[in-house]
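Visitor: I should like a close look at one part of this structure. Please take me through it in a connected account.

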Amino acid sequence: MRTFLRAAVVAMGLAFAAPAAAQYTFLSPDVKPPPLQLEGWRNVLRVNVGAGLYNSDWYLCYYGWDCASTSYASFVPFVVGPQIDIHLGGPSAVSLGFLFGFGSVKSTGVDAGGLPVTRSAKVTTYEPTIDYLVRLGTPMSDTVGRLRFGGGLLIGPDTKFGFLGRVGVGVAFFNTARFGVGLDLVLEGGSMNGTFIGGVQLLASPEFRF
């Protein structure tokens, strides 16, 4: 009986020890260990580069049109600026950015005689942004989607201010690597100097993860 109990205790000990031993792999001296892979979501630093398209009555009013009689104004800027995603835990991050927009406002209206007239003027805008970011996928996926919800403060000529809501979709390539590439489509809408403004941004970005 004692022999049987000793054998049972030894068997149970071996059974518990086997999984723990399986975690260790012994390599020969001439074999390099595999590289360690950084696990989990990380912070991301990127530079957004792209273009936007905006429409607003504010552009018409600002450049001297009679706002009641004008018909159309557009701003198609080149957009560039830095952005950082700060990891909050899980798939969540807060994204802080600053965008510069360079382009021409083109507007169509009517003159005093009722004839259509087109005007164009150079404009530079500044937009600090803050977004809540949700990453779609797994931390170790090479390609990961993302959703963003946030807002921006739009600063125009003569320090005119506007507030914009932002919603966007995007994708990050080479997500497990230190360096990657991102693509984002962002819709914006809100008020600029008391009038509606709406637009869209299409952005590409080199990304650095740390």
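Guide: What follows begins with the whole chain and then turns to the salt bridges and their surroundings.

This is a predicted model, in which local features need pLDDT of at least 70 and side-chain atom pairs count only at pLDDT 80 or more, while totals for chains, interfaces and linings use all residues. Residues are numbered from 1 along each chain as its sequence is written, and side-chain values use heavy atoms, with hydrogens and water left out.

The protein chain contains two helices and nine strands; helices (H or I, at least four residues) and strands (E, at least two) are DSSP runs, numbered from the N terminus. Along the sequence, the elements of the protein chain follow the pattern α-β-α-β-β-β-β-β-β-β-β. Of the 210 residues in the protein chain, 33% are buried. Here buried means under 20% relative accessible area, exposed means over 50%, and partly exposed lies in between (1.4 Å probe, protein chains only). The accessible surface of the protein chain is about 12,100 Å², and carbon and sulfur atoms account for 70% of this surface. Accessible areas come from the Shrake-Rupley method with a 1.4 Å probe, and for residues only the protein chains shown count as cover. Among contacts in the protein chain between residues at least 6 apart in sequence, 62% join residues at least 24 apart, a contact being heavy atoms within 4.5 Å.

The salt bridges come next. The structure holds nine salt bridges, each defined as a side-chain nitrogen of Lys or Arg within 4 Å of a carboxyl oxygen of Asp or Glu. A network of salt bridges links Arg46, Asp85, Asp131, Arg146, Arg148, Arg166, Asp184, Glu188, Glu207 and Arg209.

One of the pairs is glutamate 207 with arginine 46, whose closest N and O atoms are 2.9 Å apart. Glutamate 207 belongs to strand β9 (residues 195–209) and arginine 46 to strand β1 (residues 44–56), so this salt bridge ties together parts that are 161 residues apart in sequence. Both glutamate 207 and arginine 46 are buried. Glutamate 207 also forms a salt bridge with arginine 209, with 2.8 Å between the closest N and O atoms; arginine 209, like glutamate 207, is buried.

A further pair is arginine 148 with aspartate 131, whose side chains meet in a salt bridge of 3.0 Å, N to O. Because arginine 148 lies in strand β6 and aspartate 131 in strand β5, this pair ties together parts that are 17 residues apart in sequence. The two side chains are also joined by a polar contact of 3.0 Å. A polar contact is a pair of N or O atoms within 3.5 Å; within protein, one must be able to donate a hydrogen and the other to accept it, and residues adjacent in sequence count only if both atoms are side-chain atoms.

Arginine 148 is placed in strand β6 (residues 143–155), and arginine 148 counts as buried because its relative accessible area is 2%. Not counting residues up to four places away in sequence, arginine 148 touches residues including Arg46, Gln83, Tyr132, Arg166, Val167 and Asp184.

Strands β5 and β6 run antiparallel and are joined by nine bridges; two strands pair if DSSP finds at least two bridges between them. Isoleucine 130 has glycine 151 in β6 as its bridge partner. The hairpin of β5 and β6 has six residues between the strands, and in this hairpin glycine 137 takes a positive phi near 130 degrees.

Tyrosine 132 lies in strand β5 (residues 116–136) and counts as partly exposed because its relative accessibility is 38%. Together with Leu88, Phe149, Val167 and Leu187, Tyr132 makes a nonpolar surface patch of about 470 Å². Patches are made of residues with over 30% relative accessible area and no salt bridge: like charges are joined within 9 Å, and nonpolar side chains (Val, Leu, Ile, Met, Phe, Trp, Tyr) within 5 Å.

Strand β1 also holds asparagine 48, which counts as buried because its relative accessibility is 2%. The side chains of asparagine 48 and glutamine 83 are joined by a polar contact of 3.0 Å. Residues touched by asparagine 48, not counting those up to four places away in sequence, include Val79, Gln83, Leu99 and Leu203.
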